[in-house]
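Let's take a stroll through a protein model together. Keep the picture open and turn it around as you read.

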Amino acid sequence: MILAAGRGERLRPLTDELPKPLVEVGGKPLIEYHLERLAAAGFREVVINQGHLGDLLPAALGDGGRWGLHIHWSDEQPEALETGGGIFKALPLLGGAPFLVINGDLWTDYPFARLRAVKCDWAHLVLVPNPAHNPAGDFALLGARVRDDGEPRLTFSGIAVYHPRLFADCSPGKFSVVPLLRSAMRDHIVTGESYEGDWNDVGTMERLGALL
């Protein structure tokens with residue numbers, strides 16, 4: 001699943017006319033880099049959620065056939081449901097097995113094929129070195145387990161594998177996935193890995209400019 005429903009306030013005025021994942025880097029929309037890399041990694045079914053200006057996404061990407069993919073659309077218009085609510089709404093499209101989730105506003109060269117072999121009973125997170133805009137990090141990686149406490153801290157990349165059972169007690173509506181992850185971390189059931197390759201959270205005009 002590619003999360004593509006956010007408003008992208010900090011990328012205005014670009015996002016007054018485009019969903020954030022359609023903002024271009026190197027002459028190509030951000031989300032197309034994900035689709036290319038997912039296809040190269042052997043994925044064939046992709047769910048994309050739609051929120052702000054969401055009708056522009058299927059108009060630009062179609063059914064995914066040009067990448068050898070089949071895109072399923074999860075429509076959250078008129079108001080996006082945040083990360084947790086968006087994933088929960090899309091669960092009927094995602095099936096009963098663990099699934100990969102990627103934030104649509106990232107640029108990364110992370111090898112998605114690596115996650116196809118992950119044994120995920122609850123959640124598996126990809127963490128990266130702390131960027132300048134998040135110096136304190138988000139979580140700690142202790143061995144193969146991700147913890148809400150401990151040192152050193154790393155930043156959650158927005159790339160993860162989730163098992164549907166992580167959302168078993170959720171209800172429809174707008175909510176973040178982070179409290180679910182923190183709760184699971186207290187039970188020591190969230191695994192993770194560190195990645196030190198190229199990764200950029202394209203959340204502001206300055207960060208976008210750094211990629212251009």
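Which residue just after H1 takes a positive phi? That is Gly42, with a phi of about 100°. Before we go on, some ground rules: this is a predicted model, where local features need pLDDT of at least 70 and side-chain atom pairs count only at pLDDT 80 or more, while totals for chains, interfaces and linings use all residues. Residues are numbered from 1 along each chain as its sequence is written, and side-chain values use heavy atoms, with hydrogens and water left out.

Now back up a little to helix H1 itself, residues 30-40. Helices here are DSSP runs of H or I with at least four residues, strands are runs of E with at least two, and both are numbered from the N terminus. We'll also need "buried", which means under 20% relative accessible area; exposed is over 50%, and partly exposed is in between (1.4 Å probe, protein chains only). H1 is largely enclosed by the rest of the structure, because eight of its 11 residues are buried. Among them are Leu30, Tyr33 and Leu38. Glu36 is another story: this residue is partly exposed, at 32% relative accessibility.

Glu36 also has a partner. Its side chain meets that of Lys28 in a salt bridge, with N and O 2.9 Å apart. The term stands for a side-chain nitrogen of Lys or Arg within 4 Å of a carboxyl oxygen of Asp or Glu. Search the whole structure and you get six of these.

Some salt bridges reach across the chain. Glu193 pairs with Arg114, and their closest N and O atoms are 3.2 Å apart. This pair links distant parts of the chain, 79 residues apart: Glu193 sits in strand E12 (residues 190-194), and Arg114 in the loop between strand E7 (106-108) and strand E8 (123-128). Glu193 is buried at 13%, whereas Arg114 is partly exposed at 40%.

Next, find Arg182 and Asp148, whose side chains meet in a salt bridge at 2.3 Å, N to O. Here too distant parts are linked, 34 residues apart: Arg182 belongs to helix H4 (residues 178-186), and Asp148 to the loop between strand E10 (145-147) and strand E11 (153-162). Arg182 is partly exposed, at 29% relative accessibility, and Asp148 is partly exposed with 29%.

Stay around Asp148 and look at Arg153, in strand E11. What is the nearest side chain of opposite charge to Arg153? It's Asp148, 4.3 Å away, and Arg153 has no salt bridge although it is buried. (For charges, Lys and Arg count as positive and Asp and Glu as negative; His and the chain ends are not counted.) Still, a polar atom of the Arg153 side chain lies 2.6 Å from the backbone oxygen of Asp138.

How about the cysteines? A disulfide is a pair of cysteine sulfur atoms within 2.5 Å, and by this rule the count comes to zero. Why does Cys170 have no bond to Cys120? Cys120 holds the closest cysteine sulfur, but the two sulfurs are 15 Å apart, which is too far for a bond. Cys120 is buried, at 5% relative accessibility, and Cys170 is buried too, at 16%.

Last stop: Leu18, in the loop between strand E1 (2-3) and strand E2 (24-25). Leu18 counts as partly exposed, because its relative accessible area is 31%.

Key
A polar contact is a pair of N or O atoms within 3.5 Å; within protein, one must be able to donate a hydrogen and the other to accept it, and residues adjacent in sequence count only if both atoms are side-chain atoms.
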